[in-house]
Amino acid sequence: MTTQLNEKNERTKREFLTFRKHAKQVSEKTLDREVAHLERFDVWNRRKDFAKFHIDWAVGFREHLDHAKSANGKPLAKSTTRAIMATMREFTLWLSQQDGFRRRIKAADASYFQLSRRDEAEARAAPERPAPSIRQAKRALAMMPSETPRQMRDKAIFALLCLTGIRVEALTSLKIKHLDLEEKSVTQNPREVATKFGKRIDTFFAKDFAEAEAPLRDWTTYLDEVALYSPDDPLFPATALTTQSNKGFTACGFTRAHWKTTEPARKIVNTAFEAAGLPAFGPHAFRHMLARHAAKNSKTVAEFIANAQNLGHSDPLTTLRSYGQISRDDQRRLITGESE
């Protein structure tokens, strides 16, 4: 394997990523993935000058990915291969328009970075995602303690996820003013909340989950009357850490600041499910839970569309394709008409 960097290739990759970031407005997460995809190709191709591109490179790289292994030693998922190939198509198209490359690279060359129809269909197939049932979520919530302020915060986080399925990035960036308990709503203003694609999302509490509203009310009352927080303070402030001699760091109140990562919220959710004797579902599992509940129980098309909008989906088909999978048992029951 060639590890020596090709400076010309590195400059070209930087220019492409700059284009993707500023011209195409690609997110930082996507850019990180594309950096890894380009590096994977560059290493496989022994750092050969991109200006000497040949379609054999695309064919060979595609065959290489068919036999490549992931970090756990298993074959690459087709969805991963598809994402890598998509990056290489975008890169090749961009190269075909750049000085010093357009004589050698044509836009049509990008088509060689393509999966077979069979592999493309497999990559697009939505995998079954594990998610709790409504009853399981209620059980885990009921078992969460709420004796200390920190426990109250953690239970309120779990409760809001039960009620809304809000994305964890948005949840950890919420301010107190974004929550309206009287209207039973959360206003996800993209100017202040980390929403996907910078969309404004108006989210309302799911019905039949009244037990999740009480922990939220208790927590906001504590923030207002005891901690004396303002509407512009974080709804879920980060835990403050202090040092103790010979004991390292210990939790001590809150910082009046948002968490810098989503990992603490993920840990809170994992721990709550495990404490209830359930699999350690993550925050995103609530979205699958609510989408499946809506797909199964919505009595009108309008009701299902409202649930899709509540999850931030402008197209209800997104909810069905990505979140509303019907289990094998439900499929059998619906098709055969037999009861459980």
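Me: Accessible areas here come from the Shrake-Rupley method with a 1.4 Å probe. With that settled, what does the accessible surface of the protein chain come to?

Reply: About 19,900 Å², and carbon and sulfur atoms account for 50% of that. Keep in mind that this is a predicted model.

Me: Good to know. How many helices and strands does the chain have?

Reply: The protein chain has 14 helices and 5 strands. Its C-alpha trace spans about 70 × 65 × 40 Å along the principal axes.

Me: And what share of the residues counts as buried?

Reply: Of the 340 residues in the protein chain, 41% are buried. As for contacts between residues at least 6 apart in sequence, 59% of them join residues at least 24 apart.

Me: Let's look at some helix packing. At roughly what angle do the axes of α2 and α4 cross?

Reply: Roughly 85°, with the axes of α2 (residues 28–44) and α4 (residues 78–95) coming within 9 Å. Angles of 65 to 115 degrees count as roughly perpendicular, so α2 is roughly perpendicular to α4.

Me: Which residues meet there?

Reply: From α2 you have E34, H37, L38, R40 and F41, and they meet A83, I84, T87, M88 and F91 of α4. By type, the contact of α2 with α4 divides into 6 nonpolar, 2 polar and 2 charged residues.

Me: How do α2 and α3 pack, and at about what angle?

Reply: Their angle is about 105°, and the axes of α2 and α3 are 11 Å apart. That makes α2 and α3 roughly perpendicular to each other as well. On the α2 side the contact is made by R40, F41 and W44, and on the α3 side by W57, G60, F61, H64 and L65. The contact of α2 with α3 has 5 nonpolar, 2 polar and 1 charged residue. R40 and F41 are also among the α2 residues that meet α4.

Me: Sticking with α3, which of its residues are buried?

Reply: W57, A58, G60, F61 and L65. The cover over the buried residues of α3 includes α2 and α4.

Me: What about its length: how far apart are the end C-alpha atoms of α3?

Reply: They are 19 Å apart, which agrees with the 18 Å that 13 residues of α3 should span at 1.5 Å a residue.

Me: Now the loop between α2 and α3. Is R47 buried or exposed?

Reply: R47 counts as buried, because its relative accessibility is 7% and the cut-off for buried is under 20%. R47 sits in the loop between α2 and α3. Its C-alpha atom is separated by 9.6 Å from that of E10, which is 37 residues away along the chain.

Me: Switching topic: which residue in the loop between α1 and α2 should I look at?

Reply: Try Q25, which lies in that loop. Q25 is not a glycine, yet its phi is positive, about 55°. At 61% relative accessibility, Q25 counts as exposed.

Me: And R256, where is that one found?

Reply: R256 is in the loop between β5 (248–254) and α10. Phi of R256 is also positive, near 60°, in a residue other than glycine. With 39% relative accessibility, R256 counts as partly exposed.

Me: One last helix. Which residues of α11 are buried?

Reply: A285, F286, R287, H288, M289, L290, A291 and A294. Their cover includes α6, α7, α10, α12 and α13.

Definitions and conventions. Residues are numbered from 1 along each chain as its sequence is written. This is a predicted model: local features need pLDDT of at least 70, side-chain atom pairs count only at pLDDT 80 or more; totals for chains, interfaces and linings use all residues. Side-chain values use heavy atoms; hydrogens and water are left out. Buried means under 20% relative accessible area, exposed over 50%, partly exposed in between (1.4 Å probe, protein chains only). Helices (H or I, at least four residues) and strands (E, at least two) are DSSP runs, numbered from the N terminus. Contact means heavy atoms within 4.5 Å. Axes are lines fitted to C-alpha atoms, for helices over the stretch in contact, and angles run from 0 to 180 degrees between N-to-C directions. Angles under 35 degrees count as roughly parallel, over 145 as roughly antiparallel, 65 to 115 as roughly perpendicular and the rest as oblique. Ala, Val, Leu, Ile, Met, Phe, Trp, Tyr, Cys and Pro count as nonpolar, Asp, Glu, Lys and Arg as charged, and the others, Gly among them, as polar. The expected span of a helix is 1.5 Å times one less than its number of residues.
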